[in-house]
Amino acid sequence: MPDPVPFALPTRFDGAPDRVAVVVPGVGYSPARPLLHFARGVLLQHGWTVQELWWQIPDDFSQFTEADRIAWVEHQVTLAVDAEGGACRLLVGKSLGSLASGIAAERNIAAAWLTPVLTVDHVARALRRAQAPTLLIGGSADKLWDSRIAESLRHDVLEVPSADHALELADDATGSVDVLRQVVSRLDRFIGALGHEEP
């Protein structure tokens with residue numbers, strides 16, 4: 001008797017073939033977690049094709065230098081973007097995924113960065129270079145978010161008071177759901193506006 005086919009989650013959701021969004025996870029924040037799950041929903045509502053990355057972080061990743069981490073993330077994202085043959089017009093990334101902000105800047109790809117690591121100089125420099133529409137969402141209680149840097153950039157910024165690195169409020173589940181609604185609404189507005197941008 002053949003082995004049963006293992007259960008697998010879909011990673012691609014088809015919409016417009018010329019508008020592909022690549023969803024880039026964090027270290028332990030997969031595309032199934034709330035922020036990225038609802039980001040996918042918003043993208044599909046607006047007719048985008050969504051390609052999710054589900055990566056396996058190397059076992060020794062905690063020993064990687066900052067440069068090694070950036071190189072690893074950029075390699076994963078470059079492979080995903082190149083696979084779309086020029087149709088990738090948006091990156092949606094969580095935390096670690098923002099280490100690929102240089103790719104968005106160099107290739108003039110729009111981006112929505114959820115809790116970008118603004119304390120990493122490489123990310124801040126890339127965001128200063130970025131010309132394509134860019135949305136930054138972070139929480140004031142997130143140690144990897146820097147309000148001063150966020151305010152200095154010319155991008156669309158949403159800072160959520162008291163939200164942590166998961167964009168949640170400590171000991172306040174109901175309040176965290178309200179934050180999620182606020183984030184999804186801002187994503188909806190940002191992605192909706194991209195429909196009026198020239199490719």
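At roughly what angle do the axes of helix H1 (residues 34-45) and H6 cross, and within what distance do they come? In this predicted model, the two axes come within 10 Å and cross at roughly 35 degrees, and H1 passes H6 in a right-handed crossing. The contact between the two helices is made by Pro-34, Leu-35, Phe-38, Ala-39, Val-42, Leu-43 and Gln-45 on the H1 side, which meet Leu-180, Val-183, Val-184, Leu-187, Asp-188 and Ile-191 of H6.

**The sheet**

The strands form an open sheet of seven members, in the order E1-E3-E2-E4-E5-E6-E7, and their pairing is mixed. At the edges stand strand E1 (12-13) and E7, each of which pairs on one side only. Helix H6 (residues 173-194) packs on this sheet, where it touches strand E3 (48-52), E4, strand E5 (110-114), E6 and E7, and its direction makes about 175 degrees with that of E7.

Parallel pairs run from E2 to E7, and the table lists the bridges of each pair together with residues that stand opposite one another.

| Parallel pair | Bridges | Opposite residues |
|---|---|---|
| E2 (residues 16-24) and E4 (residues 88-94) | five | Val-23 and Val-92 |
| E4 and E5 | five | Leu-90 and Ala-110 |
| E5 and E6 | four | Ala-111 and Thr-134 |
| E6 (residues 134-139) and E7 (residues 156-160) | five | Leu-135 and Asp-156 |

**Crossovers between strands**

Several of these parallel strands are linked through a helix. E4, helix H3 (residues 101-107) and E5 make a right-handed β-α-β unit, and a right-handed unit of this kind is likewise formed by E5, helix H4 (residues 121-129) and E6. Further along the chain, E6 is followed by helix H5 (residues 147-152) and E7 in another right-handed β-α-β unit.

**Strand E5 and its surroundings**

Why is E5 described as largely enclosed by the rest of the structure? The description holds because five of the five residues of E5 are buried, where buried stands for a relative accessible area under 20%. The side chains are divided between two directions, with Ala-110, Ala-112 and Leu-114 pointing one way from E5 and Ala-111 and Trp-113 the other way, and all of them are buried. E5 also takes part in two of the pairings above, since E4 is joined to E5 by five bridges and E5 to E6 by four.

**Nonpolar cores**

In soluble globular proteins, nonpolar side chains tend to be buried together. Here the largest nonpolar core has 33 residues, and those with the most contacts inside it are Trp-55, Val-73, Val-77, Leu-91 and Trp-113. Two or more residues are given to this core by each of E2, helix H2 (66-82), E4, H3, E5, H4 and H5, and H2 gives the most, with six residues.

Trp-55 deserves a separate description. When residues up to four places away in sequence are not counted, Trp-55 touches Val-24, Pro-25, Gly-26, Trp-72, Val-73, Gln-76, Leu-96 and Gly-97.

A second core, separate from the one just described, has 32 residues and includes Leu-114, Ile-137, Leu-169 and Leu-194. Strand E5 is thus represented by name in both descriptions: Trp-113 is among the residues with the most contacts inside the largest core, whereas Leu-114 is in the second core, and these two residues point in opposite ways from E5.

How values were computed
Residues numbered from 1 in each chain as written. Predicted model: local features only at pLDDT ≥ 70, side-chain atom pairs only at ≥ 80, totals over all residues. Heavy atoms only, no water. Pairing = 2+ DSSP bridges. Right-handed = clockwise from strand over helix to strand, strands pointing away. Contact = heavy atoms within 4.5 Å. Axes fitted to C-alpha atoms, helices over the stretch in contact; angles between N-to-C directions. Buried < 20%, exposed > 50% of the residue type's maximum accessible area, 1.4 Å probe, protein only. Core = buried A, V, L, I, M, F, W, Y, C linked by side-chain atoms within 4.5 Å. Left-handed = near helix turned anticlockwise from the far one by under 90°.
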